[in-house]
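User: Please take a close look at the strands of this model and how they pair, and explain it slowly for someone in their first year.

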Amino acid sequence: MNIYLLQLIGKWFSLLFMSIASMFGTFDLSKEIINVNNYDKDKSSMIVSSVVEYDTIIKYNEDRPLNSKRTLVNGENGIIYQNKNGTKIKTLKEKVDEVIEIGTGKYGEYTGTLTLYGPDCATCDGIGAVACAVDGKTYNLKTDGVNFNDSEYGEVRILAAPLEEFPCGTVVEINNSDMTKTYGIVLDTGGALVNAYQNGNILFDLAHLTETDLPHGTNKNTKFSVRRWGW
């Protein structure tokens with residue numbers, strides 16, 4: 001039988017099947033129908049879908065601790081229609097390149113002491129204002145609370161630290177045996193913290209609303225892992 005006649009019959013049966021399926025609601029015909037023209041003389045060219053693998057892009061950031069690594073964008077492969085010669089006919093799904101960020105800043109792993117404080121501490125002014133400005137405004141522990149909503153890390157606890165080593169906006173992961181893993185942001189400082197640092201010791205203060213009935217005491221074996229250096 002002539003190959004053109006076979007193709008005509010095949011198309012007729014396909015249209016009949018799609019019409020019946022549409023009447024009975026068996027198939028969703030709202031999906032895109034892709035028409036592909038076949039220009040081979042013998043009509044034998046195969047049209048196939050092919051995977052387009054995504055590329056990996058590396059970005060370096062000096063605001064991240066040295067050798068830290070995180071994925072900014074997850075890669076996704078694309079899909080195209082192409083003929084047997086490898087010529088693209090239609091893009092079904094665009095690829096999404098993966099983006100990896102690698103830190104080039106100062107190394108950010110420390111072991112030191114975690115203490116707790118409130119705006120009513122013995123050496124505090126009682127007002128509650130922290131040392132670091134937030135978007136040019138004063139942040140207050142009493143009126144704004146001890147949690148801070150960071151644009152990148154979400155809700156984190158407020159920390160006091162020696163600003164010489166940990167500039168305002170530094171985000172730190174805190175780990176010790178007295179508490180679950182906690183993320184904090186440096187927004188405050190204090191004389192005891194500065195003195196400890198100048199004597200070769202690392203001391204952080206975790207902010208609370210008041211020093212009355214603090215939940216736990218000092219932990220001298222706390223690991224501090226910097227996740228972001230400053231704003």
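Analyst: Two strands count as paired if DSSP finds at least two bridges between them, and the strands themselves are DSSP runs (E, at least two residues; helices are H or I, at least four), numbered from the N terminus. This is a predicted model, in which local features need pLDDT of at least 70 and side-chain atom pairs count only at pLDDT 80 or more, while totals for chains, interfaces and linings use all residues. Residues are numbered from 1 along each chain as its sequence is written, and side-chain values use heavy atoms, with hydrogens and water left out.

A good place to start is the hairpin made by strand S8 and strand S9, in which two residues lie between the strands. Strand S8 covers residues 129-134 and strand S9 covers residues 137-140, and the two run antiparallel, joined by three bridges. If you follow the chain across this pair, you can find Ala133, whose bridge partner in S9 is Thr138. At the turn of the hairpin, Asp135 is worth a careful look, since this residue takes a positive phi near 55°.

From the hairpin we can move to the open sheets. One of them has three strands in the order S1-S4-S5, with antiparallel pairing. The strands at its edges are S1 (47-52) and S5 (88-93), each of which pairs on one side only. From one strand to the next the twist averages 30°, where axes are lines fitted to C-alpha atoms (for helices, over the stretch in contact) and angles run from 0 to 180 degrees between N-to-C directions. Strand S4, made of residues 78-83, meets S5 over four bridges in the antiparallel sense, and a single example of this pairing is Gln82, which has Lys88 of S5 as its bridge partner.

Another open sheet of three strands follows the order S2-S6-S3, and here the pairing is mixed. Its edge strands are S2 (56-61) and S3 (69-73), and each of these pairs on one side only. The twist of this sheet averages 30° from one strand to the next. Strand S2 and strand S6, the latter spanning residues 98-103, run parallel and are joined by six bridges; across from Ile58 you will find Ile100 of S6.

Strand S13 gives us a chance to look at burial, with Thr182 as our example, a residue found in this strand of residues 179-188. Thr182 has a relative accessible area of 14%, so it is buried (under 20%; exposed is over 50%, partly exposed in between, with a 1.4 Å probe and protein chains only). Although Val156 and Thr182 are 26 residues apart in sequence, their C-alpha atoms are 7.6 Å apart in space.

Finally, we can turn to the aromatic side chains. Rings of Phe, Tyr and Trp (its six-membered ring) pair if their centres lie within 6.5 Å, with planes under 30 degrees apart called stacked, over 60 edge-to-face and the rest tilted. Counted by this rule, there are seven aromatic pairs. Tyr139 and Phe148 form an edge-to-face pair, because their ring planes stand at 70° and their ring centres are 5.8 Å apart. Both Tyr139 and Phe148 are buried. Elsewhere, ring pairs link Tyr110, Phe166, Phe204, Phe224 and Trp229 into a cluster.
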